[in-house]
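The following exercises concern strand pairing and internal cavities. Please work through each task before reading its solution.

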Protein chains: 2
Amino acid sequence: MRSDYCGTLTAKDIDREVTLCGWVDRRRDHGGVIFIDLRDREGIVQVVFDPDTGDHFNLADRVRGEYVLQVTGKVRARDAATVNPNMATGEVEVYGTGLTILNEAETTPFPLDSHASVGEDVRLKFRYLDLRRAEMQKGLKFRSKVTNLVRNYLDDQGFLDIETPILTRATPEGARDYLVPSRTHENKFFALPQSPQLFKQLLMVSGFDRYYQIAKCFRDEDLRADRQPEFTQIDIETSFMDEEGIMSVTEGMIRTIFQTLKEVDLGDFPRMTYADAMQKYGSDKPDLRIPLELVDVKDLMGEVDFKVFSGPAKDPKGRVTALKVPGGNEKLTRKQIDDYTKFVGIYGAKGLAYIKVNDKNDLEEGLQSPIVKFLPTDVRKAILERVEADNGDLIFFGADKATVVSEALGALRCKLGEDLELYTCEWAPLWVVDFPMFEEEDDGSLNSLHHPFTAPSCSPEELEKSPETALSRAYDMVLNGTELGGGSIRIHNQTMQQAVFRALGIGEEEQREKFGFLLDALKYGAPPHGGLAFGLDRLIMLMIGAGSIRDVIAFPKTQSAACVMTDAPGAVDEQQLKDLHIRLRKKEKPASE
Amino acid sequence: MRSDYCGTLTAKDIDREVTLCGWVDRRRDHGGVIFIDLRDREGIVQVVFDPDTGDHFNLADRVRGEYVLQVTGKVRARDAATVNPNMATGEVEVYGTGLTILNEAETTPFPLDSHASVGEDVRLKFRYLDLRRAEMQKGLKFRSKVTNLVRNYLDDQGFLDIETPILTRATPEGARDYLVPSRTHENKFFALPQSPQLFKQLLMVSGFDRYYQIAKCFRDEDLRADRQPEFTQIDIETSFMDEEGIMSVTEGMIRTIFQTLKEVDLGDFPRMTYADAMQKYGSDKPDLRIPLELVDVKDLMGEVDFKVFSGPAKDPKGRVTALKVPGGNEKLTRKQIDDYTKFVGIYGAKGLAYIKVNDKNDLEEGLQSPIVKFLPTDVRKAILERVEADNGDLIFFGADKATVVSEALGALRCKLGEDLELYTCEWAPLWVVDFPMFEEEDDGSLNSLHHPFTAPSCSPEELEKSPETALSRAYDMVLNGTELGGGSIRIHNQTMQQAVFRALGIGEEEQREKFGFLLDALKYGAPPHGGLAFGLDRLIMLMIGAGSIRDVIAFPKTQSAACVMTDAPGAVDEQQLKDLHIRLRKKEKPASE
């Protein structure tokens, strides 16, 4: 039905007869001539109909925005005066000689070029219109390119694309499962997978050696801005390869994507231990674009006459740290400092002490701060030396439980980087390694920092002896402060797996019931294996600078997990519920329970 | 951890030092030397440990079947006498100089090389072991190759890979939906998609122009041998392309797959109308490998004194047809004919008349048949002429409602083709076109033969006037009697869509409620569009000659829609049900309803 895409015509096509199909982006009547900006997936070209074309002109006169047209015409150069350098096709236009209206269009509920004027709810209701916008088209086209590149990269490396089930058993990732009642097995439910973790491990036990899948995953959680009930993972697993091998293959994949689609060479990714990351950046996903670091001063504060500092300094679980903002003295107003104090409050910090360094050589009068009076001169001196303070710098302090300090000052560091535009580069990737196996809950129980199938870097005996200090063979890939992906070497023998289950407080019976098939699989010749999963949506978001995950998903859900376009979820009839052996739990009738 | 795959070593590798990882397929002790067949994804190689290797020999002596090993050694030629021509690596062996046991293995619940000796339930329970078999590995590797090829083919043609939601609204494909109770919207349910049909149409309305997705689809139906609750479609949709264009692109895709992976040139696919297919083959997915055709003899039977024939011959909805089996007279025994009579009974046929042609020139004595006595001589003559009977042929007859005759004789034709090995070629693809829009139910109501979004080849007015005879712009791709894929040009304007809904008895209110968003989308500038969906599982089955759909899916469900490996579906706790606002409908307590 067409010879060319609208958006691809250039001066090379001059004098060619073309047939185009597309949407009326704009229609103008100018000096008795009709100009139509015709739009398709590849872009926009100007089509001109003059009155000489008779019926076609009259038809062109009738068309309105978003009509679907088929246009025949000849490509010609635009007058020098009307060349549009902002348009890919701006050197040419099509002199229309034929026009067919393929479909008419009513006035759209919102003008595509001022989508920002309506709420996102309207745009989501008419998603098929919002997706016509160049920005949305670009995002989904980019996503398609990334997935194709990922697949070919992994295929070249011998990875097999293998599908794992969507109707499956509850998985142990810890988030809430979406459940699907079974019709054929009364009172039983499938769960939608939170990840294909156990299936991909079983594929390794089967000997498939290298697996990948661009896999849909599901979590029934309350949604934050960057979450969706269903999201997509680039899921990878391989046998007979250690951490180095897996990091090398997957780093190569991300580097290839950036090289090919952004023409950016990410170089070799640095490695950082979890301990270092927490110490210097207060985060296990540090944004290395920002040249600020936390500097611990706990050892200086034990004896000061200021409980806010000396308390945490004397607490084994406490942390006292400094964050120097070079030139912050001038850059930050009193109001901003107040705002940052509120900001760290979000993360549980009870305040935000600071020192303005006016004259670093005058430890009495040169330091401006509400708290400096509590600090002896030698402590002041030691602080300035340790953070390498210069005149004009501002030093923030965090003092509290280590978890609170790290989180609050880590977040403050990122906020300062953004607010003061401190970024030293566009892309800062790294690997974070040597994670702890477990994190301790307030009640002293342990949780997996990754998941219970992650191998520790110690023996089962050492693990049992001191699980709190055990490190794992996990690795996270971080880019610009966002976790792109995470993975680990997995446990491949039953003894170790059971040791980890025990550390997590999962007893023998629960182990059998929940993970019996995994424990069985481990005893029939499981190979050493490991893998990684990347969040595809987040990767795309980062790469195109999208503000919301909804911009990189064709048909996303709202924050309340609904699709306002199709009106999903919807009501179902009684027969369907009967078939599934369930009934609605009616509201406000606890008596009938 | 390794230098080579076991299965890839050849004479070219002789004298190389290699490191291999894999499973012990077999271990033999022969003349004081230990032979290990080491297996990985790519195949098996023989590793030899002799007593000179000391500790390694002793370790090799300890290994048992399915142990996971890392082996170092030198590739050497086998003695001429021990070359194994049945093994890809049969010319060489590895002289082991190092051995590490990476994991031990208990005796497997069934020996992999005699999997047939255990029930499929055992193999499904230990699926990760069953998947170690070469045949299963081959199937899933083949599947991965097909999907990669499909993706690159479509990508080259400008198709964008776009994901559509899994948590969605009930779709109108007609099968039973899997439902997912919503936690955030009380008493509402998501449905898992039976296909991405409406989403891909909306992507066309959005202007994405060319879409594809290898998409998971779900149907909660009672399972037949070739069905699974979740299955995979190669889903395609395109704008501004007519039937010819779409058939050409997709035919090219299938041809490329066969060319690349089977080295088979399928050539240009013939076209056949639905009417012709039903008439000649009694099926809308005829197996053209079989050189048998149905020949209608209805016009000859109106006046015969045999109600079994004359009844259907006089019924406008009746059909009387003949199926000639060349040489069938000798090839088919009385017992076989009886079995075929039972066989057509499955399809509702009340009997299976036949004539054995002993001497075609002797219309009195030369025809052997229980029914020939009811047929006048001129009718006998006309039949023989019409089916071009020769001496030794056997002619079967079907007479009943046309639907029954077509189904029964169509099935008989395929059964004869299989039993008598009549296939004239290995692969027989074709397109079936010009389908009716609707099929009539017994109560006179109409159902879509494809789905309600299929465009008719007539105007809305003609459709309303005589929907029973309206043809659609649908096309099915058929290979060896199996429907590989089906598609159509879709309706792209609201008037036509509403005319079709009306013909289906879907009133204005139901239209709005179920398809409001589609009807809206059609009025804001929907382009002409169409597409196609291939059943990936079935395509793979056909290509590798798998006997069951379960052989081409890594983790399939049983016939009762369960996974016996993970024990899914499973029980859930009361809190989960509360969160989802549902409760179990307890059995045998109708009083408490």
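**Exercise 1.** Determine which way S3(B) and strand S5 (residues 92-103) of chain B run in this predicted model, and how many bridges join them.

*Solution.* Begin with the direction: S3(B) and S5(B) run parallel. Next, count the bridges that join these strands, which gives 2. Finally, identify a bridge partner: Val47(B) is matched with Val94(B) in S5(B).

**Exercise 2.** Describe how strand S2 (residues 33-40) of chain B is joined to S3(B).

*Solution.* S2(B) and S3(B) run antiparallel and are connected by 7 bridges. Within this pairing, Val48(B) of S3(B) lies opposite Phe35(B). The connection is a hairpin, with 2 residues between S2(B) and S3(B).

**Exercise 3.** Explain why strand S3 (residues 43-49) of chain B is described as largely enclosed.

*Solution.* Take as buried any residue under 20% relative accessible area. By this criterion, 5 of the 7 residues of S3(B) are buried, so the strand is largely enclosed by the rest of the structure.

**Exercise 4.** Characterise the largest cavity and its lining.

*Solution.* First, a search of the whole structure yields 8 cavities of 30 Å³ or more. The largest has a volume of about 460 Å³. Its lining comprises 29 residues, and those nearest the centre are Ile214(A), Ala215(A), Lys216(A), Ile214(B) and Lys216(B). Helix H4 (134-156) and strand S9 (210-218) of chain A, together with helix H4 (134-156) and strand S9 (210-218) of chain B, each give two or more residues to this lining. The largest share, 5 residues, comes from S9(B). Sorted by class, the lining has 13 nonpolar, 7 polar and 9 charged residues.

Methods: Residues are numbered from 1 along each chain as its sequence is written. Chains are lettered from A and ligands numbered from 1 in the order in which they are written. This is a predicted model: local features need pLDDT of at least 70, side-chain atom pairs count only at pLDDT 80 or more; totals for chains, interfaces and linings use all residues. Side-chain values use heavy atoms; hydrogens and water are left out. On a 1 Å grid over the protein atoms alone, a cavity is a set of points where a 1.4 Å probe fits but cannot get out, and a pocket is an open set with protein on both sides within 12 Å along at least five of seven lines; lining residues have an atom within 4 Å of a point. Grid points are joined across faces, edges and corners, and a volume is the space filled by probe spheres set on the points. Helices (H or I, at least four residues) and strands (E, at least two) are DSSP runs, numbered from the N terminus. Ala, Val, Leu, Ile, Met, Phe, Trp, Tyr, Cys and Pro count as nonpolar, Asp, Glu, Lys and Arg as charged, and the others, Gly among them, as polar. Buried means under 20% relative accessible area, exposed over 50%, partly exposed in between (1.4 Å probe, protein chains only). Two strands pair if DSSP finds at least two bridges between them.
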